[in-house]
Amino acid sequence: MKRPTETDAWRVLAEHHAVIATASLNQLFADDPQRFRRMSLSAGGLVLDYSKNRLDDRTLALLIGLAVEQGVVDARDAMFAGRAINDTEGRAVLHTALRKHAGSRLDVGGVDVMPEVLEVRERMLDFAEGVREGRWTGHAGDTITDIVNIGIGGSDLGPYMACEALAGQGRPRQRLHFVSNVDGAQLAGVLDRLDARRTLFVVASKTFTTVETMTNATSARAWLLANGACERDVAKHFVAVSTDAGRVRDFGIDVANMFGFWDWVGGRYSMWSAVGLPIALAIGAEGFRALLAGAECMDRHFVEAPLAANMPVILALIGLWYRDFFGAASLCVVPYAQALARLPAYLQQLEMESNGKSVMRDGRAVGVGTCPVIWGEPGTNAQHSFFQLLHQGPDLIPVDFIMPLEVAHELPGHQRLLLANCIAQSKALMVGKGEAEVRAELSAAGLAGEQLERLLPHKLFTGNRPSNTVVMPDLSPTSLGALIALYEHKVFVQGVLWGVNSFDQWGVELGKQLASRIAGELDRDSDGAHDASTLGLIELARQGLARSASRRKP
């Protein structure tokens, strides 16, 4: 396995970067009127405009050469074939199998996994339709009005994001709520608004041992019992997304209402599985199948399109170009749709938990920067907060604009203004505003002499700041499925380019282990072996817990 810097392509790219790093985007467009046409791609109903990037045809050819040298095609084919490419955990990586249509076949270890995938999918969708149509009732015979998903990480971020994005679809009778934080204020704030007789809880935990999830689930169960239910009623108000039937049964959930998934489904890739039950409850079986179909369409494009015309590959290569050759340490994602407000948070886990690593598969240091910090907020709100930094800050921060064209609401004028702002911001980042233009504006405003010169530098925009724009036709389940699959495959390609395993997450383990140990120590007077800071914070925490306990006493 080669470090990326050990490839021939990397050496040539470094030489090429020294030439093109200062190239003017304005000049590149002036020299090539067909630049947008040549540097945009269509796939899965989406359009990717990557023309506003500091690259030319030679850059792209060299980046494609890097992808070839690092074996992107072979790695992609190994993933889709079900080989155990998650080598640190000895697992296949087959979230793509979850969106395959009926009639598909996929052998893993000589066994076709699709019958079981389809069985769980159909059983989950039947259950969702029963709740949506009022056939599933609470213990007193009342229809369900509120559904609370209890999970964390991939069992929360994906379903939450998708349900928010598709809130205009499906017209559910029920309200959905998401609880992930072990901070009891989140759960208490949800429960305070609910009727126990009409509430259904979905507890999502593969092992049914996730501390945060099970703490919240246990408190929700106690709330149900304190509000008129008895032990046998728990099964009418709780269902599980898990693989541990014993723990699910011990909790009081009927295992007939346990929806499983497989060890080849990583948490951050699991919204296509039974973890997506809240999505099915929100948009219905037909909508959920459309979500899968959109993702499967992008899967086919990823497998079939040549590298130079492959949307996930191009997006991945551009990201590496800025991260490792321009030193861009962050990527800003700005969806111009309030419904996609949770998309940046979802992508934070997808990208940073997957590729936020410094060690290659063979145990050696990567030797270059890997995943940038992912952040963002919806436009146009973002324009009135951090866009100042994007336009005039000292750091180069690439931006991914997400632009859905059609929306469900019928308020006149709003979407026109939203689209105009998205297009304008990508142009403003690129073209900037030079000294001559600023002088003319200030002169026209009546400024001259020292007053003009003093204000002049504050009004300059250097421009030449890169961005991609992903255009969605609408905010339908099909379009969202394609968008999420696009970013999943981008992450995969970048992992191959850097030589890291995108499908493990050992970095989350140490904090969990220490938290478990310290939680026990907070209940005791004796201290463990800690540094002075940790000991001091433990003592302060004990004092706070004691004050809280004294306030709760009658």
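These are my notebook entries on a predicted model, covering its sheets, cores, salt bridges and a few single residues.

**Entry 1. The open sheet**

I began with the strands. I found an open sheet of 5 strands, in the order β6-β5-β7-β8-β9, with parallel pairing. I then asked which strands stand at the edges. They are β6, residues 175-179, and β9, residues 258-259; each has a single partner strand, so one side of each is left without a neighbour in the sheet.

I looked next at how β9 is held. Strand β8, residues 238-241, runs parallel to β9 and is joined to it by 2 bridges. I noted one pairing by name: A240 has M258 in β9 as its bridge partner.

**Entry 2. Helices on this sheet**

I looked up which helices lie against these strands. Helix α11, residues 277-304, packs on the sheet and touches β5, β6, β7, β8 and β9. The direction of α11 makes about 160 degrees with that of β6. Helix α8, residues 184-191, lies across β5 (146-150), β6 and β7 (199-204). I recorded that α8 runs at about 165 degrees to β6.

**Entry 3. Strand β12 and its partners**

I turned to strand β12, residues 399-406, and asked how many of its residues are buried. The count is 6 of 8, and I therefore describe the strand as mostly covered, buried meaning under 20% relative accessible area.

I found two pairings for β12. Strand β10, residues 330-335, pairs with β12 in the parallel sense over 4 bridges, and V333 stands opposite D400 in β12. Strand β13, residues 467-474, also pairs with β12 in the parallel sense, over 7 bridges. There, E406 has D474 in β13 as its bridge partner.

**Entry 4. Nonpolar cores**

I asked which residues touch the most other members of the largest nonpolar core. They are W264, L343 and L480, in a core of 128 residues. I followed L343 further: residues up to four places away in sequence aside, L343 touches M161, V333, I402, L483 and I484. Apart from this core lies another, of 24 residues, which includes L191, L194, A240 and V248. I had already met A240 in Entry 1, as the bridge partner of M258.

**Entry 5. Salt bridges**

I recorded a count of 34 salt bridges and examined several of them.

The pair D299 and R99 has its closest N and O atoms 2.8 Å apart. I asked where the two residues lie. D299 is in helix α11 and R99 is in the loop between α5 (72-80) and β3 (107-108), so the pair ties together parts that are 200 residues apart in sequence. Are they buried or exposed? D299 is buried at 5% relative accessibility, and R99 is buried with a relative accessible area of 1%.

In a second pair, the side chains of E133 and R135 meet at 3.0 Å, N to O. Here I found E133 partly exposed, at 42%, and R135 exposed, at 57%.

A third pair is R454 and E450, with closest N and O atoms 3.8 Å apart. The two are 4 residues apart in helix α17, residues 449-455, which means that about one helical turn separates them. Both sides of this pair are exposed: R454 has a relative accessible area of 51%, and E450 has 65% relative accessibility. I also noted a network in which salt bridges with shared partners join R3, E6, D362 and R364.

**Entry 6. Two loop residues**

I looked up K52, which lies in the loop between β2 (46-49) and α4 (57-69). K52 is buried, with a relative accessible area of 14%. Neighbours within four places in sequence aside, its contacts are L25, F29, S426, K427, M430, P466 and S467. With S426, the side chain of K52 makes a polar contact of 3.4 Å.

I then looked up Q70, in the loop between α4 and α5. Q70 also counts as buried, at 14% relative accessibility. Beyond its neighbours within four places in sequence, Q70 is in contact with K2, R3, P4, T7, V496 and L497. I asked which atom of L497 lies 3.0 Å from a polar atom of the Q70 side chain. It is the backbone oxygen of L497. Finally, I recorded that the C-alpha atoms of Q70 and W262 are separated by 29 Å, the two residues being 192 apart along the chain.

Methods
Residues numbered from 1 in each chain as written. Predicted model: local features only at pLDDT ≥ 70, side-chain atom pairs only at ≥ 80, totals over all residues. Heavy atoms only, no water. Pairing = 2+ DSSP bridges. Contact = heavy atoms within 4.5 Å. Axes fitted to C-alpha atoms, helices over the stretch in contact; angles between N-to-C directions. Buried < 20%, exposed > 50% of the residue type's maximum accessible area, 1.4 Å probe, protein only. Polar contact = N/O pair within 3.5 Å; in protein donor to acceptor, adjacent residues only side chain to side chain. Core = buried A, V, L, I, M, F, W, Y, C linked by side-chain atoms within 4.5 Å. Salt bridge = Lys/Arg side-chain N within 4 Å of Asp/Glu carboxyl O.
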